Each structure stands twice: as C-alpha cells, then as structure tokens.
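Reader: Hey, got a minute to go through this model with me? I'd like to start with what packs against what.

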Amino acid sequence: ASDNMTKQIPRLLGPGLTKAGKFPTLLAGGEDMQEKIDEVKSTIKFQMKKVMCLNVAIGNVDMDKQQIIVNTQLSANFLASLLKKQWQNIGQMFIKSTMGPSIQIYF
C-alpha cells in the first residue's frame, strides 16, 4: 500500500483489529516476506488481564521433544519475569495437549 494509506490503517481499522488480535504487521520493501511470516508465527503474546488463568501455545506436532521443552522453559520464565513478585505470583502451572489430560508441572 502507499505511504498515505499505510498511515491511515491504524486510525481507521485499529480499534476493531486490535481487539480481535489481528492487527497487520508492517512489512518494509526490502524485507523477506517468508522470513517475516515465520517470525510472526513463532511469536507468542501474553495478554495480562485481570484473569486468574492464562493459556498459551508452546508447540505443535512438528516439533521434537527438546524444542517443546525449551519453549516451555522460555515461556514460563518470561511469564514469571512479567509479574511483580515473579514466581511467587504463580500458583500452579499445567501443560496440556489438545485432546490429552493436563499434567501439572509447577505447584
């Protein structure tokens, strides 16, 4: 899109797209599109609201066991770093597959 149109997108579509979590990512002229797509797909967002429960995707079926372990450790440590009292604010932590039972990994 042109520069004028790009500047109007946040003002016109921002409130609706932000609430849905679908705000578009800016892609500069010299950037590789596939690399940007892979980067956005591998990014997780913690939406810290006034809820006591938080869910986040840390892996998929294409990943091996070690990658899932690393992602779990990184996401848990990053979540703890966002909280005021860090690990003291986390009561319990579970890991769960889509159709399987949940397994408690922190208590």
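**Helix 3 and its neighbours**

Author: Sure. The buried residues of helix 3 pack against strand 1 and strand 2. Keep in mind that this is a predicted model.

Reader: Ok, which are the buried residues of helix 3?

Author: They are Thr72, Ser75, Ala76, Leu79 and Ala80. Looking down the axis of helix 3, you find its buried residues within an arc of 135°, so they line one face of the helix.

Reader: Why would residues three or four places apart point the same way?

Author: An α-helix has 3.6 residues a turn, so that spacing brings you back to the same side.

Reader: And how many residues does helix 3 have?

Author: Helix 3 has 18 residues, and its first and last C-alpha are 26 Å apart, close to the 26 Å expected at 1.5 Å a residue.

Reader: Zoom out for me. What elements does the protein have, from the N terminus on?

Author: The order is α-α-α-β-β, which is three helices and two strands.

Reader: What share of the residues count as buried?

Author: 12% of the 107 residues. The protein exposes about 9500 Å², with carbon and sulfur atoms supplying 57% of that. As for contacts with a separation of 6 or more, 16% come from residues 24 or more positions apart.

Reader: Back inside, then. Which residues make up the largest nonpolar core?

Author: Six residues: Ala76, Leu79, Ala80, Leu83, Ile90 and Met93. Helix 3 gives the largest share of this core, with three residues. Leaving aside residues up to four places away in sequence, Ala76 touches Trp87 and Met93.

Reader: Thr72 caught my eye. Buried or exposed?

Author: Thr72 is buried, because its relative accessible area is 15% and the cut-off for buried is under 20%.

Reader: What does the side chain of Thr72 reach?

Author: The backbone oxygen of Ile68, at 2.7 Å. Thr72 also touches Ile58, Ile95 and Ile105, if you skip residues up to four places away in sequence.

Reader: Switching to loops. What's up with phi of Gln86?

Author: Phi of Gln86 is near 50°, a positive value in a residue other than glycine. Most residues other than glycine have a negative phi. Gln86 sits in the loop between helix 3 and strand 1, and at 42% relative accessibility Gln86 counts as partly exposed.

Reader: Where is Gly91 found?

Author: In the loop between helix 3 (65-82) and strand 1. Gly91 counts as exposed, because its relative accessibility is 52% and exposed means over 50%.

Reader: Which residues does Gly91 touch?

Author: Tyr106 and Phe107, not counting residues up to four places away in sequence. Gly91 and Tyr106 are 15 residues apart along the chain, with their C-alpha atoms separated by 7.9 Å.

Reader: Last one: where is Ser97 found?

Author: Ser97 is in the loop between strand 1 (93-96) and strand 2 (102-106). With 46% relative accessibility, Ser97 counts as partly exposed. From C-alpha to C-alpha, Ser97 and Ala57 are 9.6 Å apart in space, and they are 40 residues apart in sequence.

Technical notes. Residues numbered from 1 in each chain as written. Predicted model: local features only at pLDDT ≥ 70, side-chain atom pairs only at ≥ 80, totals over all residues. Heavy atoms only, no water. Helix = DSSP H or I, 4+ residues; strand = E, 2+ residues; numbered from the N terminus. Buried < 20%, exposed > 50% of the residue type's maximum accessible area, 1.4 Å probe, protein only. Contact = heavy atoms within 4.5 Å. Areas by Shrake-Rupley, 256 points an atom, 1.4 Å probe, with all protein chains shown as cover. Expected span 1.5 Å × (residues − 1). Arc of directions from axis to C-beta. Core = buried A, V, L, I, M, F, W, Y, C linked by side-chain atoms within 4.5 Å. Polar contact = N/O pair within 3.5 Å; in protein donor to acceptor, adjacent residues only side chain to side chain.
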